[in-house]
Amino acid sequence: MIRIMLVDDHPVVREGLRGMLEAEPDLTVVGEAGSGDEAVALDRVARPDVVLMDLRMPGLDGVGATRRILRAQPARRIVVLTTYETDADILRAVEAGASGYLLKDASRAELANAIRAAARGETVLAPSVAGKLVNRVRNPEPQPLSAREVEVLRLVAKGGTNADIGRALHISEATVKTHLLRVFAKLGVSDRTAAVTTAMARNLLG
């Protein structure tokens, strides 16, 4: 039997999940928690194989509870089950160590199979969530420029040479070059003109 703990702040949701899961011959619910703090405490007692974790709850949220549980029990499998699928929510859950991310519109069969897969050590993701993660990896968010890098680029935009910029900011020419190389890398360009053009297009120079 695969032992499951349900974590959701809505009793009706927990009741529905329990009914769905316990209709499966190899799944059993060994505990329910209505908050992240309750989940952390109950996990020590219930010792589930898989935790179905809601994301947004009062007090300690699902991400915080996931981190705490995995800190104490690294082998625990935690599958986020939520109505939210924003990039930020997905990344926070994955970075916290969640084994999977499912949406609450999943069917009983999808949910049961995902729990079995998680118990085997596999990663389980709703198709839409997997698509978002793949897109995020292919198109990472640009790194922000530091305040000093913006200062340097503003002076470049005004036509300043490395020597001019160094004198204006009281830094060496070598340091100016270092800042510019970092700017090029962050903006994905290879020269000063492209850096200024890209920065202006992104409204980074104010």
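**Group meeting: around Asp54**

Okay, let's start inside the protein. The largest cavity is lined by Leu6, Val7, Asp8, Leu17, Leu52, Met53, Asp54, Leu81 and Lys104. Two elements, β1 (2-7) and β3, each give two or more residues to that lining. Keep in mind that we're looking at a predicted model.

How big is the largest cavity? Its volume comes out at about 40 Å³, and the structure has one cavity of 30 Å³ or more. If you sort the lining by class, you get six nonpolar residues, three charged ones and no polar ones.

Now, one of those lining residues is Asp54, and that's the one I'd like to talk about. The unreviewed UniProt entry puts a "modified residue: 4-aspartylphosphate" feature right at Asp54. In the model, you'll find Asp54 in the loop that runs between β3 (50-53) and α3 (62-72).

So is Asp54 buried or exposed? Its relative accessible area is 5%, so it counts as buried, the cut-off being under 20%.

Who does Asp54 touch? Skipping neighbours within four places in sequence, its contacts are Val7, Asp8, Asp9, Gly62, Leu81, Thr82 and Lys104.

Let me put that into the wider fold. There's an open sheet of six strands, paired in parallel, and the order is β2-β1-β3-β4-β5-β6. At the edges sit β2 (27-33) and β6 (124-125), each pairing on one side only.

Last bit: β4 (residues 77-82) pairs with β5 (residues 100-103) over four bridges, in the parallel sense. Leu81, which we met as a contact of Asp54, stands opposite Leu102 in β5.

Note on methods
Residues numbered from 1 in each chain as written. Predicted model: local features only at pLDDT ≥ 70, side-chain atom pairs only at ≥ 80, totals over all residues. Heavy atoms only, no water. UniProt positions renumbered as here; feature names shortened; annotations may be inferred. Buried < 20%, exposed > 50% of the residue type's maximum accessible area, 1.4 Å probe, protein only. Contact = heavy atoms within 4.5 Å. 1 Å grid on protein atoms, 1.4 Å probe; cavity = no way out; pocket = protein on both sides within 12 Å on 5 of 7 lines; lining within 4 Å. Points joined across faces, edges and corners; volume = space filled by probe spheres on them. Nonpolar A, V, L, I, M, F, W, Y, C, P; charged D, E, K, R; others polar. Pairing = 2+ DSSP bridges.
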